[in-house]
Amino acid sequence: MQTTKTLKARKRIALIAHDHKKAELIEWATYNKTVLSRHELYATGTTGKLIEEALDVSVRKLLSGPLGGDQQIGALVAEGALDVIIFFWDPMEALPHDPDIKALLRLGVVWNIPVACNRASADFLLTSPLMHQDYEVILPDYSQYMQRKI
């Protein structure tokens, strides 16, 4: 039996960017201001402040990524409180919080939510007709994992 969850037309979007990608994310968000302003925005630390200033919209700001913000976003995903992750990450720079980043991206896959990791995938995601309507996400069945004997 499949379980589903409805992602409402007004999505809860997490916006995250590494330091070397912040300018690119802000430029992208500014270009997409009209669309993004229709949704509920969440972001880690500095990225949230920059987006809020650039777009003049409210952003729920969490901690900076290295201080736990990536994990806070991951917790919101696991709780079903976020619908989309847009994360402009820097593949050319190893960061001290790389395990947190991998965990966050893993949770996006675990809970079957859309994840964009660069400008092209963010463009495709944001312009999809599914982004602007209710969408039924099929949740993976983890019952056997949850009921395993330890």
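The exercises below look at three loop residues of one model, each followed by a worked solution.

The model is predicted, with local features requiring pLDDT of at least 70 and side-chain atom pairs counting only at pLDDT 80 or more, while totals for chains, interfaces and linings use all residues. Residues are numbered from 1 along each chain as its sequence is written, and side-chain values use heavy atoms, with hydrogens and water left out.

**Exercise 1.** Find where H18 is placed, and decide whether H18 counts as buried or exposed.

*Solution.* Begin with the chain: H18 is in the loop between strand 2 (12–17) and helix 1 (22–31), where helices (H or I, at least four residues) and strands (E, at least two) are DSSP runs numbered from the N terminus. Next, take the relative accessibility of H18, which is 8%, so H18 counts as buried; the term means under 20% relative accessible area, whereas exposed means over 50% and partly exposed lies in between (1.4 Å probe, protein chains only). Finally, look for a partner: a polar atom of the H18 side chain lies 2.9 Å from the backbone nitrogen of D90.

**Exercise 2.** Describe the phi angle of D56 and the surroundings of D56 in the chain.

*Solution.* D56 is not a glycine, yet its phi is positive, at about 55 degrees. D56 sits in the loop that runs between helix 3 (45–55) and strand 4 (59–61), and because its relative accessibility is 69%, D56 counts as exposed.

**Exercise 3.** Work through the phi angle and the accessibility of N112.

*Solution.* N112, a residue other than glycine, has a positive phi near 55 degrees. Its place is the loop between helix 5 (98–110) and strand 6 (115–116), and with a relative accessible area of 37%, N112 is partly exposed.

Terms used. Polar contact = N/O pair within 3.5 Å; in protein donor to acceptor, adjacent residues only side chain to side chain.
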